[in-house]
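Biologist: Before I rely on any label, I should like to hear the criterion behind it. Please set out each term beside the value it rests on.

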Amino acid sequence: MKVEGKRLIWNDYQKEIAGDNYFYVRSCVRQNFFPGAEKTFLRYMKELGKDVFENPSHTTCSGIGYHSDIVPFETAMTMVARQFALMTEAGYRNFVTSCITSFGLYSEVLETWHHFPEIEEKIRVHLKNATGREFVKPENLAHASDVTFKLRKEISDAGKYRLVNHVTGAPIRVVEHIGCHYSRMFPSKGVGGAEYPYVLVGMIEEWGGEVIDYPERRHCCGFGFRQYLVKANRGYSISASKKKFDSMKPYKPELILTNCPGCPMFLDRWQYAISEMEGTTYGEGGQGIPVVTYEELAGLLLGYDPWDLGLQVHQVPVEPLLDKIGIPYDPEKKFLDKEGNSMGQPKSPTHLKFY
Amino acid sequence: MPDFGYTITKDRQLDHDHGDFRYISLVRSFEPSLDLCIGCGSCSASCSAAGFTDFNIRKLHTIIRRGEVESVKTELKKCMFCGKCQLVCPRGVNLRNLIMAMNRAIELLG
């Protein structure tokens, strides 16, 4: 990847990220898609000595409904106001979201209120009438990948492994994929802006990997809400992902790193669906390209057990990546739960190599 | 293959690395007035064959410019050579000869 021009752009888009004392809000869908990711974030934040608070009574931000044209913007703003009220009541001022769409929605709401204070006042009245709550707007809004980006050196220093092939010493070749709602709506809110976001690139570089540039790098993963939520529309979704896979395949990526709920889900699951539909696989020797979130990758490099990270629920097996980095794992424990009981093993795919 | 209830759509992105541009070069040499075309679509709007089939002469020369010739080969047979397209063309493109030129290019190049 040629980075000279990109570094100039990255310099223009530096955002302030709070250093500690975060109020954390989870995603409504990530815990089903990649159940260990958010827990892993909380685990390494605690180990790095950071204060992260979450209130179990927080709800969806309603972004998924808003972007599916189901939830009106006024309702979404009132939901967001309630999350801010929970933060205010807990005594925090730094708001951190797990979800990219939530981050986009919170940014959109704050920007709307900035330009139209009368709307903010109206929402304050709505919230007061509905819940009796009041709120102070966050001093700092960040996505959890921003926070991980800020702590990338600490994670690297505390890590047991590097993002390199432990046999050859070559850096692992990584494709990074940024969720659309991270910085495309508000480039100034994302590290590195919209064209060449630096948030994941920074982690990959710091942790020893090599970033791969490819023609469809900024193409959407295909989630697109309405493209997926209606089954008949899913052809749009899978075709968008296929376009990305076809474009990246010649560059032989060994890993796809993401920071969104939808992107890892679809870049992972669609590799299976494409292999079943067309017999096409995108990794070496019938394997897929493993897809992980930045939390899972940080967890792996910090030496957490891959099965504690929930990597066994990925559709594309991650074992080739673990073997390359030299991370030990017990295949016998892959489908056992915490108590050692079998969770059941999924049916093997027809074409995609399964472990 | 399992029935997923949806299918993969074929990519319609134009890739000029894979287009066959030999045809348009020949067609241009046979009928240079093609370069006068402004793509207004009057030819297609007045087309007699288009009244009975899905023949679309503007689409044809757009496709051949893109280096995609497979669909042109069968489409060309639908032209009735009535010449109305040529009469209405505001730029004076010799459209009947253009059809002939496309046929000749396909004959020569296969």
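Modeller: Domain bounds come from an automatic or database domain assignment. For chain A, that assignment gives domain 1 (16–144) and domain 2 (152–333). This is a predicted model, in which local features need pLDDT of at least 70 and side-chain atom pairs count only at pLDDT 80 or more, while totals for chains, interfaces and linings use all residues. Residues are numbered from 1 along each chain as its sequence is written, with chains lettered from A and ligands numbered from 1 in the order in which they are written.

Biologist: How do you know which residues of strand β7 of chain A are buried?

Modeller: A residue is buried if 20 or more other C-beta atoms, placed from the backbone, lie within 10 Å of its own; it is exposed if 12 or fewer do, and partly exposed in between. L255(A) and L257(A) on one side and I256(A) and T258(A) on the other are all buried, so both faces of β7(A) (residues 255–258) are covered.

Biologist: Why are β5(A) and β7(A) said to be joined?

Modeller: Two strands pair if DSSP finds at least two bridges between them. Four bridges join β5(A) (residues 173–177) to β7(A), therefore the criterion is met, and the strands run parallel. V175(A) has I256(A) as its bridge partner in β7(A).

Biologist: What makes two residues of domain 1 and domain 2 of chain A count as being in contact?

Modeller: Their C-beta atoms, placed from the backbone, must lie within 7 Å. By that criterion, 24 residues of domain 1 of chain A are in contact with 27 residues of domain 2 of chain A.

Methods. Helix = DSSP H or I, 4+ residues; strand = E, 2+ residues; numbered from the N terminus.
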